[in-house]
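Trainee: Could you take me through a protein model step by step? I would like to practise reading one.

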Amino acid sequence: WGNGTCAQPQGYGVLLHYVASHGFFVIAANSRYTMNGAMITALDYAFAANEDPASPYYQKIDTSKVGAMGHSQGGGATIAAASDPRVNSVIIWNGGGSAAKPFFAVAGDYDIGGVTAASMASAGNRASQPGAWLFFHQVPQTGSVSGHLTLMLEPERVTEFTVAWWEYQLNGDATARDFFVGDNCGLCNK
């Protein structure tokens, strides 16, 4: 997990705990700046802990199934982390429209990052990897950051499809795949 600028992991606690409650191992940098390689450091930590007999995580992490996700600046860090060969898939929250691995990009109206529904559609036309895009309307009105904080202020709107993406991408779950793929996909009519 990559935090947004000036954010701490507890600001995303509902989402991160929900993902972890579905059996995913989540590492969140305790940093306000994640573009400094913090996500790669987290991967290094997890891989080392999985191989260390003294670690409580020894042989408990499936290192063949790795996802990265982050918000805002952390979304940019996620896009950068996608170039790591250990990463299989990513979720980009309010931080871009595509990545070097299969990706799910999420943004909303009034996003301070400049991501619009039109720019997401354009990114979809240029994407080199399979991708899914979700653009929120009816976002929380929070002044200058409206649309940028949906996952923090209304985490109940994002938890279900976040876990579905990881189940689909990392576990090959067919039911979760139907959430993203096909004319009648689960997100298509939301």
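Some questions and answers on this model follow.

Mentor: This is a predicted model, where local features need pLDDT of at least 70 and side-chain atom pairs count only at pLDDT 80 or more, while totals for chains, interfaces and linings use all residues. Residues are numbered from 1 along each chain as its sequence is written, and side-chain values use heavy atoms, with hydrogens and water left out.

Trainee: In what order do the 4 strands of the open sheet stand?

Mentor: Strands are DSSP runs (E, at least two residues), and helices are runs of H or I with at least four, numbered from the N terminus. Two strands pair if DSSP finds at least two bridges between them. The pairing here is parallel, and the order is S1-S2-S3-S4.

Trainee: Why is one side of S1 and of S4 left without a neighbour in the sheet?

Mentor: Strand S1 (67–71) and S4 stand at the edges. One side of each is free in the sheet because each has a single partner strand.

Trainee: Which residue in S4 is the bridge partner of Ala105?

Mentor: S3 and S4 pair in the parallel sense over 6 bridges. Ala105 has its partner in S4, and that residue is Trp133.

Trainee: Which element gives the most to the largest nonpolar core?

Mentor: A nonpolar core is a set of buried Ala, Val, Leu, Ile, Met, Phe, Trp, Tyr and Cys residues joined through side-chain atoms within 4.5 Å. Buried means under 20% relative accessible area (1.4 Å probe, protein chains only), exposed over 50%, partly exposed in between. The largest core has 29 residues, with Trp1, Phe161 and Phe180 among those with the most contacts inside it. At least two residues each come from elements including H1 (13–21), S2 (89–93) and H6 (159–171), and the top giver, with 6 residues, is H6.

Trainee: How many residues are in the second, separate core?

Mentor: Its members include Ala77, Val87, Val90 and Ala99. The count for this core is 13 residues.

Trainee: Which helix gives the most to the lining of the largest pocket?

Mentor: On a 1 Å grid over the protein atoms alone, a pocket is an open set of points with protein on both sides within 12 Å along at least five of seven lines, and lining residues have an atom within 4 Å of a point. Of the 31 lining residues, those closest to the pocket centre are Phe25, Val26, Lys65, Val66 and Gly67. Helix H2 (38–51), S1 and H6 each supply at least two residues of the lining. The one that gives the most, with 8 residues, is H2.

How values were computed
1 Å grid on protein atoms, 1.4 Å probe; cavity = no way out; pocket = protein on both sides within 12 Å on 5 of 7 lines; lining within 4 Å.
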